[in-house]
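I opened the coordinates to look up a handful of local features and helix contacts. These are my notes, in the order I took them.

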Amino acid sequence: MFFGGAADGAAEAVDKNGEPDGLSTPQATVGMPVNLDDDGAGRRGGSGDLENLDDADGSNPGAGSSDNRCTVKFLLSNAAAGSVIGKSGATITEFQQQSNARIQLSRAREFFPGTSDRILVLTGSVNSILTALHLILSKLLAEESSTGAAGVTSMPVKLVVPNAVCGGIIGKGGATIRSFVDDSGAQIKISSQDATPVGVTDRIITVTGTLEQQLRAVALTVTKMAEDPSYPMYAAMPINYSAVGPASPYG
């Protein structure tokens, strides 16, 4: 699978009816690019150096107005990382040029605690990030289909989100996350804070649905995260989890 393997940890989930889904495993998917209007709201349609990261070159194609830039972290299986990088970095370079986002990956043996998943970091405007995500998913889905996995139209997508901003995403009584579910048609799950390993200050948001639904949900989530005044500080923090113990509910 693409963004992370199977998980064993508990998660807070909201289904399409806005009802809690109990304690369940995060799963997810992604789709068509989403355009944003002037106030940052996602619309369907249309096509800081970090520590311990590899990227295709030293360029920063996502550079631009710092007010419009954000950094979003995802989990990516180690097997899929090679496909994203491509031979001699050709694929990641091409995706950076096409999306105008910076695409980075943690090194080959640097995984999110308790998993074999590497950290994928996308930096740029929300539209650039969504375009890069669409390019990556399209390539991985095509490869999955070529191996005989007929009918595969989406893959799990997991965002790594600072615990400090999760309250804003959930909203009072779960109102905000329910509105995201209603708007996007996707299912959104947030890993339980109680299940977070000692030393890890991030939680996992997992989105499932069609490709279009997932990108819409990611757009809404990222836009909400960016509204939190503390988010830029968390997003710029090094992503080396090597000091954290191996036990983790994330998979």
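Is Asn100 buried, partly exposed or exposed? I looked this up before anything else, keeping in mind that the model is predicted. Asn100 counts as partly exposed, because its relative accessibility is 41% and the partly exposed class lies between 20% and 50%.

**Entry: two positive phi values**

I checked the backbone at Asn100 and found a positive phi of about 65°, although Asn100 is not a glycine. Asn100 sits in the loop between helix 2 and strand 7 (102-106).

I then looked at Ser88, another non-glycine residue with a positive phi, here near 55°. Ser88 belongs to the loop between helix 1 and helix 2. Its relative accessibility is 79%, so I put Ser88 down as exposed, the limit for that class being over 50%.

**Entry: helix 1 against helix 3**

I went on to the helix pairs. Two packed helices are described by the angle between their axes and the distance between the axes, so I noted both values for each pair.

Helix 1 (residues 78-85) packs on helix 3 (residues 126-146) at about 115°, and the axes are 10 Å apart. The pair is therefore roughly perpendicular, since that class runs from 65 to 115 degrees. I recorded the crossing of helix 1 and helix 3 as right-handed.

Which residues of helix 1 and helix 3 meet? On the helix 1 side I listed Ala80, Ser83 and Val84, and on the helix 3 side Ile136, Lys139, Leu140 and Glu143. Sorted by class, this contact of helix 1 with helix 3 holds four nonpolar residues, one polar residue and two charged residues.

**Entry: helix 2 against helix 3**

Helix 2 (residues 90-99) also packs on helix 3, with axes that come within 9 Å and cross at roughly 140°. That angle makes helix 2 oblique to helix 3, because the roughly antiparallel class takes in only angles over 145 degrees. The crossing of helix 2 with helix 3 is right-handed.

From helix 2, the contact uses Thr91, Phe95, Gln98 and Ser99. From helix 3, it uses Ser128, Thr131, Ala132, Leu135, Ile136 and Lys139. I sorted the residues of this helix 2 and helix 3 contact into four nonpolar, five polar and one charged.

I took Leu135 of helix 3 as a single residue to follow up. Leu135 is buried, because its relative accessible area of 18% falls under the 20% limit. Setting aside residues up to four places away in sequence, I found Leu135 touching Phe95, Gln98 and Ser99. I also noted the C-alpha distance from Leu135 to Glu94, which is 9.8 Å for two residues 41 apart along the chain.

**Entry: nonpolar cores**

Which members of the largest nonpolar core touch the most other members? The core has 49 residues, and the answer is Val72, Phe74, Leu122 and Leu159. Helix 3 supplies the largest share of this core, with 10 residues.

I picked Leu122 and listed its contacts, leaving out neighbours within four places in sequence. Leu122 is in contact with Cys70, Thr71, Val72, Phe74, Arg102, Ile103, Ile129, Ala132, Leu133 and Ile136. I also found a second, separate core of seven residues, among them Ile119, Val121, Val160 and Ile204.

**Entry: helix 4 against helix 6**

Helix 4 (residues 163-170) and helix 6 (residues 211-227) have axes that come within 9 Å and cross at roughly 120°. The two are therefore oblique to each other, as the roughly perpendicular class ends at 115 degrees. I noted a right-handed crossing for helix 4 and helix 6.

In this pair, Val165, Gly168 and Ile169 of helix 4 meet Thr221, Lys224 and Met225 of helix 6. By class, I wrote down three nonpolar, two polar and one charged for the contact of helix 4 with helix 6.

**Entry: a lysine in a strand**

Is Lys158 buried or exposed? I located Lys158 in strand 9 (residues 157-162). Lys158 is buried, because its relative accessible area is 2% and the limit is 20%. I last looked up the C-alpha to C-alpha distance from Lys158 to Lys73: 8.5 Å in space, with their positions 85 residues apart in sequence.

Conventions:
Residues are numbered from 1 along each chain as its sequence is written. This is a predicted model: local features need pLDDT of at least 70, side-chain atom pairs count only at pLDDT 80 or more; totals for chains, interfaces and linings use all residues. Side-chain values use heavy atoms; hydrogens and water are left out. Axes are lines fitted to C-alpha atoms, for helices over the stretch in contact, and angles run from 0 to 180 degrees between N-to-C directions. Helices (H or I, at least four residues) and strands (E, at least two) are DSSP runs, numbered from the N terminus. Angles under 35 degrees count as roughly parallel, over 145 as roughly antiparallel, 65 to 115 as roughly perpendicular and the rest as oblique. A crossing is left-handed if the near helix is turned anticlockwise from the far one by less than a right angle, and right-handed if clockwise. Contact means heavy atoms within 4.5 Å. Ala, Val, Leu, Ile, Met, Phe, Trp, Tyr, Cys and Pro count as nonpolar, Asp, Glu, Lys and Arg as charged, and the others, Gly among them, as polar. A nonpolar core is a set of buried Ala, Val, Leu, Ile, Met, Phe, Trp, Tyr and Cys residues joined through side-chain atoms within 4.5 Å. Buried means under 20% relative accessible area, exposed over 50%, partly exposed in between (1.4 Å probe, protein chains only).
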